[in-house]
Every structure is written in structure tokens, then in C-alpha cells.
Amino acid sequence: HPSVSADGLIVYSQFGHQTDLYVLSLDSGESERLTAYTLDNFVGRFSPDGRKIAYHSTRTGNPEIWILDLESRQDVILSADPAEDLLPDWSPDGKELAFLSNREGAMSLWVARADGSGKVEQLSEQEIPIPSAVWGVSLSVRWTPDGKSIGYVRPSAGGASLWQIDRESGAVEQLRAGVLRFDWYLDRNRIVYTRLHEGELELRAANLTTGEDRLLYAGAHTEMIVAPDGSAVALVKSNSHFDQQLFLLRLERPLTADGLPQAAGELERLTGGQGRWHVHNGGWSPDARKIVYTQDTDDGDIYLVHPDGS
């Protein structure tokens with residue numbers, strides 16, 4: 001927002017954007033910084049064995065998938081392509097990563113071997129459009145717990161809907177309309193999802209087979225991810241984009257094999273940027289004791305420039 005003074009000076013705001021991955025321990029409350037690069041490092045996902053984190057980063061110029069070894073702190077790039085590779089998710093056996101890419105033009109679903117061997121494979125030509133602000137879309141791609149299919153959200157006739165694709169056959173199926181975001185709950189038959197109902201966001205649980213549906217939380221939220229043991233949901237909530245923080249909603253697990261969870265208490269705030277930084281959710285460790293997230297800093301400082309160099 002530059003403004004020129006009467007004597008020829010310019011006052012303006014300098015905008016800086018630095019994002020890095022952190023891991024938060026639910027036992028101690030301590031946060032540990034995992035990356036220290038310029039530009040964007042988003043959507044960290046723990047591997048099923050808890051030893052690595054996959055994420056996407058723009059530090060080489062365009063979004064690429066990287067894998068960080070938590071013990072050695074070695075960073076390895078999995079994808080190196082002029083196209084955008086975004087939003088990775090591990091297969092349950094840890095051998096593959098599903099992600100979105102526009103390598104063939106439209107954004108669609110792709111799979112790569114986590115060890116970097118073999119060819120990167122396009123699962124379907126079906127377009128999966130994503131908003132321009134992709135960093136917050138942390139649940140666009142999710143493997144089913146049995147590893148046989150991959151779920152994703154895309155626009156449909158009834159609005160945003162949950163779809164899945166069979167990993168082997170490539171068969172595509174629409175599962176449920178009115179789903180803005182989702183995560184699987186313990187198995188492929190149950191989900192926790194976000195919908196917009198009468199102008200208000202709702203966090204709900206549903207059984208895709210029986211049709212049972214239950215409200216967990218009503219109110220503004222985004223980027224929700226279910227703990228692997230079904231004990232809680234981590235989500236992002238804020239009064240404004242510049243102060244969105246990480247919250248926890250604990251769940252009472254169902255008593256039956258096909259039952260739904262219910263909320264156990266109110267939202268618990270996990271982070272406190274106080275406007276200095278805000279949070280984008282990443283995901284849980286396999287033991288449900290840690291959460292990886294992006295700490296996002298937006299700085300705006302006032303400078304004076306002297307055209308004569310003085």
C-alpha cells in the first residue's frame with residue numbers, strides 16, 4: 001500500500017511470509033521446530049511408523065513433496081517436477097504416498113512410492129479442483145484405513161462431496177454429498193466431516209453404511225483431522241485468519257463396532273500465537289500423542305525509502 005509524500009518520499013508496507021513445520025506434544029505441551037526454510041512448508045503428515053513426516057514445500061520454486069526423517073533430520077525430495085505436487089498422505093503400510101498434481105494439466109490424484117523407486121502413477125484423470133489457497137486444504141486426500149481406496153473431496157451436483165477411488169482398479173464412486181472436509185473414523189465405513197447447515201458450520205460423525213449421523217460440534221472451524229485411535233479431533237479455529245490456532249475436541253469412543261463417537265467436553269486450545277503467528281493443521285502421530293502443524297508468520301513493517309540514496 002504505497003503512498004507518496006509531498007516532498008517525493010514513499011511510505012509502504014513490506015510483506016513477509018515464512019512458514020515452517022512444528023510438532024506439538026500433547027503430554028508436555030512443548031513445540032519443536034522441524035523445518036527452517038524460506039517460503040512455504042505445509043501439511044506435515046506422520047508416516048505410519050512415526051519415524052518420518054511427508055509435506056509439501058515451495059522452497060525450490062514450486063510445490064514439491066518432501067520427506068523428513070525425524071531421527072537423522074535428513075530431508076529428501078520425493079517429487080521433482082515443474083508441475084505442482086501437493087497435499088501428500090501416507091498409505092497405511094507406509095509404502096506409498098497419494099497426492100494431488102497437475103502434471104497432466106488438470107489437478108488430479110497421483111501415487112508415488114515412498115522410497116522414491118518406480119514411476120509416479122496417475123490414478124484417475126478425474127479433475128479434483130482445489131482453492132487457490134491450497135495450504136489450508138489439509139484433508140483433500142485420505143487413504144482408507146484398510147489401504148484399499150483413497151477418499152477425496154470435489155465439487156459435485158449437490159455441492160462439495162466425498163468421493164473415493166479404488167487403488168487397484170481405479171473405479172471411482174461418490175459416497176456422500178454436502179461434505180466440505182472429512183477424515184475416516186477408525187474404518188472405511190465411518191467418517192468425521194464438516195458440512196454447512198443453515199449458514200453454520202457443523203462437525204459431524206456419520207456411518208456411510210447405516211446412514212447414522214451425529215453432531216459433534218457446531219461453530220466455525222476448519223482443517224479437522226481425527227486421531228488414529230479415535231480419541232479426539234484436532235482442528236483449526238479463529239476469529240480471523242491472522243489468529244487461527246489449533247484446538248482439540250476429545251471424543252467418547254462408540255460402544256459398538258459400527259457406532260459413532262460423541263463429543264466429550266468443550267474445545268481445548270493447544271497453541272497461542274496471539275496474532276504473532278497462526279496455525280495450519282497437519283496430522284497426528286500414530287500413537288495420538290503428537291500433532292504436526294505449520295506455524296505461519298505474516299509480518300508487515302513500515303519503512304521509508306529515500307530515492308536519492310541518502
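**Briefing: a protein built from strands**

Of the 310 residues of the protein, 46% count as buried, a term that here stands for a relative accessible area under 20%. The structure is a predicted model, and in this model the protein has 26 strands and zero helices. The points below turn from the overall dimensions to one of the sheets.

**Overall dimensions and surface**

- The radius of gyration of the protein is 21 Å, which agrees with the value near 19 Å that a compact globule of 310 residues would have.
- Taken along the principal axes, the box filled by the C-alpha atoms of the protein comes to roughly 75 × 45 × 45 Å.
- The protein has an accessible surface of about 14500 Å², and carbon and sulfur atoms account for 48% of this surface.

**Contacts along the chain**

- When contacts between residues at least 6 apart in sequence are considered, 43% of them join residues that are at least 24 apart.

**A sheet of four strands**

- In general, the strands of a sheet pair through backbone hydrogen bonds, and this pairing is either parallel or antiparallel.
- One open sheet in the protein consists of four strands in the order S4-S5-S6-S7, and their pairing is antiparallel.
- At the edges of this sheet lie strand S4 (41–46) and strand S7 (75–77), each of which pairs on one side only.
- From one strand to the next, the twist of this sheet averages 25°.
- Strand S4 and strand S5 (residues 52–57) run antiparallel and are joined by four bridges, and Arg45 has Ala54 in S5 as its bridge partner.

Methods
Residues are numbered from 1 along each chain as its sequence is written. This is a predicted model: local features need pLDDT of at least 70, side-chain atom pairs count only at pLDDT 80 or more; totals for chains, interfaces and linings use all residues. Side-chain values use heavy atoms; hydrogens and water are left out. Two strands pair if DSSP finds at least two bridges between them. Helices (H or I, at least four residues) and strands (E, at least two) are DSSP runs, numbered from the N terminus. Axes are lines fitted to C-alpha atoms, for helices over the stretch in contact, and angles run from 0 to 180 degrees between N-to-C directions. The radius of gyration is taken over C-alpha atoms; the globule rule is 2.2 Å times the number of residues to the power 0.38. Buried means under 20% relative accessible area, exposed over 50%, partly exposed in between (1.4 Å probe, protein chains only). Contact means heavy atoms within 4.5 Å. Accessible areas come from the Shrake-Rupley method with a 1.4 Å probe; for residues, only the protein chains shown count as cover.
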